Amino acid sequence: MQQMTQLSSLAASKPLSVGSEIKVNNVSKSYGADNFAKEVVHNCSFTIDRGKLTVMIGPSGCGKSTLIRLVAGFERPTSGTITIDDKPVTGPGVDRLVVFQETALFPWMTTYDNIMYGPRARNEDTAEMRGFAETLLQKVGLSAFRKKYPSQLSGGMQRRAELARSMINKPNVMILDEPFRGLDAMTKKLMQEYYANLYNEFRRTTFFVTTDIDEAIYLADRILIMTNIPTRVRAVIDVNLPRPRQVENVVESDEANAIKMQALGLLHEEAMKSFARGSKAAADFIDAYSKRVGKQ
Amino acid sequence: MNAIKGFVLKTISFVTGEDFWRGIVAIIVFLLFWETGSRSQSWFGVAFPWVSQVPAPTAVLQEMYRLIQDPSFWHSAYLSTLRVTEGFLAAMVIGIPLGLAMAVSKTFYGISFPVFEVLRPIPPLAWVPAAIIFWPTQELSIAFVTFLGAFFTIVINVIGGAQAIDVRYFQAARSMGSSTWDIFRRIILPGTLPSIVVGATVGIGITWAVVVAAEMISGGGSAGSVGGAAGGGLGFFIWNSYVGGSYTQIVAGMISIGMAGYLSSAILRKIGEWMTPWLAEG
């Protein structure tokens, strides 16, 4: 913990803002043909600022993953445009790296070989890159596990190795689709700290999707709150908490709590709508929300 | 040093384990049952249809002791091993690239898989007469039938293994800038390796089954030879023992084939473990 605090204060002295700017303009996406088409994204517009960490949060099943696939270029929008640095997205590209929910580390490569995959694929197995790999290994706390295979790592270590494997490619945009889902509470908190440190250090444009409001506030420069399906942006909340942040400080700060109540209120409204349309997942959220609000 | 220590510790814990002693007791009981059955001809006045006909294990052991000093037995074992190795290596050399090509190219799969699937269910032994006609020497026909035994198993495993590689690995590799060749070399090949190992281990077992039967049917290779010495192989050795009425030699031959099959599978499994270290536990 001591070491991480040092790292983040070191990072604060050189805030580099790099990466691309993403603009999503009036994007709609439907699946299925003609009369049977189901609209998942409706007239959605937002901007992901250069070098900023934008977190998207919304009810489960609202179409967040669809937006991820659209920005990543795996799928094309039905209408509207997505541009990166004013160039339209026409397919997947090496400028965008996606970190998925489940680990996609190559099982037949050691941690180190996994991290060096990108540089080697581009014939960049240079001393500089190897040095960068060492730095990243150290930053995600995996130096001692460099020769282990993914199956020999814990769930949290695998996610960290995957973050390092993405970071080494210095992508203009990092896209993370609920990367810490399914980890236990303590591991998740640790992962968020590791990730925040990596972000503070490298400041790439980041598009981060989550369903966890605390995670969103801890990490985000800006939070996009999405509506129920078909999804669009319901509200944009800027989070101006100073970096580097500490999880404990963020949880206790008044500003964070105000943002949290505002976000939860909006999410509650969306959940009510989706509950009215028969979503079971929404019922759990509404239940949890009313208990929490009732207590305070 | 650590590896030796680990091996010793593992061996000790295995030898002191319940499973080990259960196995020892089971083998001893089986041998006792066999020995008494074959010596006493009848149990409580009832003749055992099978056990009483088979030579006793002690007699078989004596015969095996004699055989290991007999060069002609070793020559037979050598011939069978040679045929298995030839057929198996040919099956690997042809089967692995073919399986990979079928998994990678939809067009090639569409063309070759129907033919493959028509030929695959034909038992290798059904090929023996045709092989003897088609190939110039008996040696080649036996090796060909042996090849078929392993070939189909290896190809099916390679196709299945390559097709089962998670699509996310390809997406990840592509997004990090991999070329097609790079993906083949660093994703498809290592991703298929565990299935290749499985196919090879199963395949070599089939190869032993096939070579023995082929040797029996074809009369043991080089034409004109009488007996196992000239060119028989272990299959012909057993057949010859049967013709000559030496039952202890039959059983000894059977056991030596079992041991050879077990050994070759064990060797392949070791090579496989060495080539796929990521599958090891811990």
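**Notebook: a sheet in chain A and a contact with chain B**

I began with the sheet in chain A: it is open, has six strands in the order E6-E7-E8-E3-E9-E10, and its pairing is mixed. At its edges I found strand E6 (96-99) and strand E10 (233-238) of chain A, each of which pairs on one side only. From one strand to the next, the twist averages 15 degrees. A note to keep in mind throughout: this is a predicted model.

**Entry: the E6 edge**

I started at E6(A) and asked which way it runs beside strand E7 (residues 173-177) of chain A. The two pair in the parallel sense, over four bridges. For a landmark I picked A:Leu97, whose bridge partner in E7(A) is A:Met174.

**Entry: E9 and its neighbors**

Next I moved along to E9(A), and I looked at its pairing on the E3(A) side. E3(A) and E9(A) run parallel and are joined by four bridges. Here I noted that A:Val55 stands opposite A:Ile223 in E9(A).

Then I turned to E10(A). How many bridges join E9(A) to E10(A)? I found five, and these two strands run antiparallel. One pair to look up is A:Met226 with its bridge partner in E10(A), A:Val233. The link between E9(A) and E10(A) is a hairpin through six residues.

A reminder to myself: strands of a sheet pair through backbone hydrogen bonds, either parallel or antiparallel.

I also wondered why E9(A) is largely enclosed by the rest of the structure. Four of its five residues are buried, so the strand is largely enclosed; for a residue to be buried, 20 or more other C-beta atoms must lie within 10 Å of its own.

**Entry: a helix across the sheet**

Which helix lies across E7(A)? I found helix H2 (residues 64-72) of chain A, running at about 155 degrees to E7(A). H2 also lies across strand E3 (53-57), E6, strand E8 (205-210) and strand E9 (222-226) of chain A.

**Entry: where chain B touches chain A**

Last, I looked at the contact between the chains. Chain B brings 14 residues to the contact and chain A brings 17 residues. On the side of chain B that touches chain A, the elements giving two or more residues are helix H8 (167-175) and helix H9 (180-218) of chain B. H8(B) gives the most to this side, with five residues. I sorted the side of chain B that touches chain A by class, and got six nonpolar, five polar and three charged residues.

Technical notes:
Residues numbered from 1 in each chain as written. Chains lettered and ligands numbered in written order. Predicted model: local features only at pLDDT ≥ 70, side-chain atom pairs only at ≥ 80, totals over all residues. Pairing = 2+ DSSP bridges. Axes fitted to C-alpha atoms, helices over the stretch in contact; angles between N-to-C directions. Contact = placed C-beta atoms within 7 Å. Nonpolar A, V, L, I, M, F, W, Y, C, P; charged D, E, K, R; others polar. Buried ≥ 20, exposed ≤ 12 C-beta atoms within 10 Å, placed from the backbone.
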